[in-house]
Amino acid sequence: MPAPSLVAVASAPSEGLRLLEEAARAAGSAPEPERVWLEESYAGRAALLRTGELEGALLIGPKDEGVALAWWDTRPALPRRLGWCFGEGFATRAVARTFLEALSREAPILGVWDPAERAYPDGVREALASRGLERTLRKDLVYPLDVPLPGTDPAAAPGSLRPLGPADAPALVRLLGRAYRTNAVDRALFVVDIDPVAEARRSVDHLLYGGVGTWRPSASFGVEVEAGRLAAATLVNEFHGPLIAEVVTDPKHRRQGLARRVLLESLAALRRAGAARPRLVVTEGNDGAERLYRSVGFVDDLSAVGGIWLDPDAVASIPAYPDEA
């Protein structure tokens with residue numbers, strides 16, 4: 001019996017589409033919003049595969065059929081972050097381990113996305129752990145509509161608070177570059193371009209111009225402590241309801257109440273607009289951010305917990321941004 005082999009998904013697109021369709025059907029039993037995210041993810045990968053734009057690989061089984069599919073970003077500035085899915089009956093420890101070994105021989109792996117609490121069975125997670133990868137959780141917090149907003153003291157934090165607009169994009173690029181300069185885990189999660197200026201620009205463009213739903217500038221705020229230089233900001237998008245996509249502070253201005261100030265202003269603006277329940281996502285280990293969110297009234301949404309399995313050595317090798325990005 002021949003051993004499983006690795007081939008480019010472009011060489012057998014019909015097999016890749018079949019695996020994505022099977023994964024989407026399996027996701028139909030997941031609770032919302034996990035079901036929505038998983039189905040949209042698989043549909044998006046299928047669309048890329050049909051146009052020849054999906055960079056990925058198939059694990060071919062002994063009967064010459066695709067048993068697993070992996071995909072990754074086409075700009076390999078960092079080791080690969082994989083997404084993957086398995087054919088029905090093949091999401092096992094043995095298949096996942098064989099697939100990981102084959103993919104690792106082809107190129108270094110930074111991490112493997114684990115997008116929802118029930119996305120992969122235990123055997124797949126055991127295979128990831130056996131390869132030395134460690135799971136970093138990302139969880140949703142929501143702000144109940146019946147929770148009163150805490151009061152604010154405008155004099156308690158420095159700077160000028162104002163709503164953001166498209167003209168603030170360059171200042172947001174500089175702020176994000178500074179804020180994520182030394183956060184290796186967040187860079188491991190999100191960085192595509194190793195150049196900090198290009199990466200910060202990509203992130204801002206993604207949020208402002210349709211990469212994550214629709215930007216809501218009326219609920220997005222910044223604090224200026226110097227003309228043209230943002231010290232803190234929130235970015236809010238409409239993405240399956242209001243998503244507070246960024247709460248970010250310049251490291252030079254932390255512990256001054258600025259993040260709390262812009263966050264509460266965004267929550268107040270959403271409430272005035274009669275918006276649905278706001279949510280945000282926090283990474284496990286970001287204790288300061290989680291304390292802030294809970295202190296103003298955010299609570300867990302246990303139906304939306306996912307993350308990524310990261311290689312600690314690969315994360316440690318990611319270079320820090322320079323002082324000015």
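Visitor: What makes the largest nonpolar core a core, and which members touch the most others?
Guide: A nonpolar core is a set of buried Ala, Val, Leu, Ile, Met, Phe, Trp, Tyr and Cys residues joined through side-chain atoms within 4.5 Å. This one has 26 residues. I244, L263, L267, L280, Y293, V296 and F298 touch the most other members. Helix 8 gives the most, with 8 residues. Helices (H or I, at least four residues) and strands (E, at least two) are DSSP runs, numbered from the N terminus.

Visitor: How do you know these values, and how are residues numbered?
Guide: This is a predicted model, where local features need pLDDT of at least 70, side-chain atom pairs count only at pLDDT 80 or more, and totals for chains, interfaces and linings use all residues. Residues are numbered from 1 along each chain as its sequence is written, and side-chain values use heavy atoms, with hydrogens and water left out.

Visitor: Why is D250 called buried?
Guide: Buried means under 20% relative accessible area, exposed over 50%, partly exposed in between (1.4 Å probe, protein chains only). D250 has 1% relative accessibility, so D250 counts as buried.

Visitor: Why is R229 called buried?
Guide: The relative accessible area of R229 is 18%, so R229 is buried.

Visitor: What makes D250 and R178 a salt bridge?
Guide: A salt bridge is a side-chain nitrogen of Lys or Arg within 4 Å of a carboxyl oxygen of Asp or Glu. For D250 and R178, N to O is 2.6 Å. The pair therefore meets the rule. By this rule the count comes to 17 salt bridges.

Visitor: Why does the pair of D250 and R178 tie together parts apart in sequence?
Guide: D250 lies in the loop between strand 11 and helix 8, and R178 in helix 5, so the pair ties together parts that are 72 residues apart in sequence.

Visitor: What makes D250 and R229 a salt bridge?
Guide: Their closest N and O atoms are 3.2 Å apart. The cut-off is 4 Å, so the pair counts.

Visitor: Why is R294 called partly exposed, and is E290 buried or exposed?
Guide: R294 has a relative accessible area of 32%, so R294 is partly exposed. E290 has 14% relative accessibility, so E290 counts as buried. Their side chains meet in a salt bridge (2.8 Å, N to O). Both lie in helix 9, 4 residues apart, about one turn of the helix.

Visitor: Which residues are linked with E290 and R294 in a network of salt bridges?
Guide: K139 and D300 are linked with them.
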